[in-house]
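User: Could you take a close look at the aromatic rings in this one for me? I'd like to hear what they pair with and how open they are.

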Amino acid sequence: MLPEQPPHIPKTEQQLDLTFKQQVQKLHQLTVAGRWLVVGLLWLSVGSLSLWGLRYEIGLLRQYFTWVAVRYGLYYNPIPTFGLALCIGMTVSVLVWQSRNILLGLPPQEQRRLEQQVCRIRQQGSSHPLWKWVCQ
């Protein structure tokens, strides 16, 4: 049996509240997917170019691996090192952000931001780029 609805809240208001929460959840899922898309594109572009720039050092490391060789290989190739550090840093930051959200839930400030964004999407209507993914 379904639980009784509180007498002071009409069904339509509860249904609107449920729809709003679902839209906030959809927007959060889009945010997560967008961050992982950025990380993936970063690895495909900057990460692959950085690894290509370090191909000689990687070949040497496959034959004679030492931590000193890693240090000098990265030290004397600053641009590929920066690109690789950028890719690794972005990946770790998205992993930590998503892990925090899974384990501890969304912080109230981020929850409010998502709710305000959903309200702006609803106000703008179908002309908003995220309308069809969030509101339909």
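Analyst: Here's a walk through the ring pairs, then the charges over rings, and a short look at the core. Keep in mind that this is a predicted model.

There are 3 aromatic pairs in the structure. Phe65 and Trp67 make an edge-to-face one, with 5.1 Å from centre to centre and 75 degrees between the planes. Phe65 has a relative accessible area of 49%, so it falls into the partly exposed class, while Trp67, at 66%, is exposed. Tyr72 and Tyr76 go the other way and are stacked: their centres are 5.9 Å apart, and the planes sit at 10 degrees. Tyr72 is partly exposed at 39% relative accessible area, and Tyr76 counts as exposed because its relative accessibility is 57%, with the cut-off for exposed being over 50%. Tyr75 comes in here too, as ring pairs tie Tyr72, Tyr75 and Tyr76 into a cluster.

Two other rings have a charge over them. Arg35 puts its charged end over the ring of Trp97, 3.8 Å from the ring centre. Lys132 does this with Trp133, with its charged end 4.9 Å from the centre of that ring.

Some aromatics sit in the core instead. Phe20 and Trp131 are among the 9 residues of the largest nonpolar core, along with Val134, Leu27, Val118 and Ile121. Helices α1 (11-53), α5 (108-124) and α6 (131-134) each give two or more residues to this core. Val134 itself touches Leu27, Val118 and Ile121, and its contacts further include Gln23, Lys26 and Leu30, leaving out residues up to four places away in sequence.

Note on methods
Residues are numbered from 1 along each chain as its sequence is written. This is a predicted model: local features need pLDDT of at least 70, side-chain atom pairs count only at pLDDT 80 or more; totals for chains, interfaces and linings use all residues. Side-chain values use heavy atoms; hydrogens and water are left out. A nonpolar core is a set of buried Ala, Val, Leu, Ile, Met, Phe, Trp, Tyr and Cys residues joined through side-chain atoms within 4.5 Å. Buried means under 20% relative accessible area, exposed over 50%, partly exposed in between (1.4 Å probe, protein chains only). Helices (H or I, at least four residues) and strands (E, at least two) are DSSP runs, numbered from the N terminus. Contact means heavy atoms within 4.5 Å. Rings of Phe, Tyr and Trp (its six-membered ring) pair if their centres lie within 6.5 Å; planes under 30 degrees apart count as stacked, over 60 as edge-to-face and the rest as tilted. A charge sits over a ring if NZ of Lys or CZ of Arg is within 6 Å of the ring centre and within 35 degrees of the ring normal.
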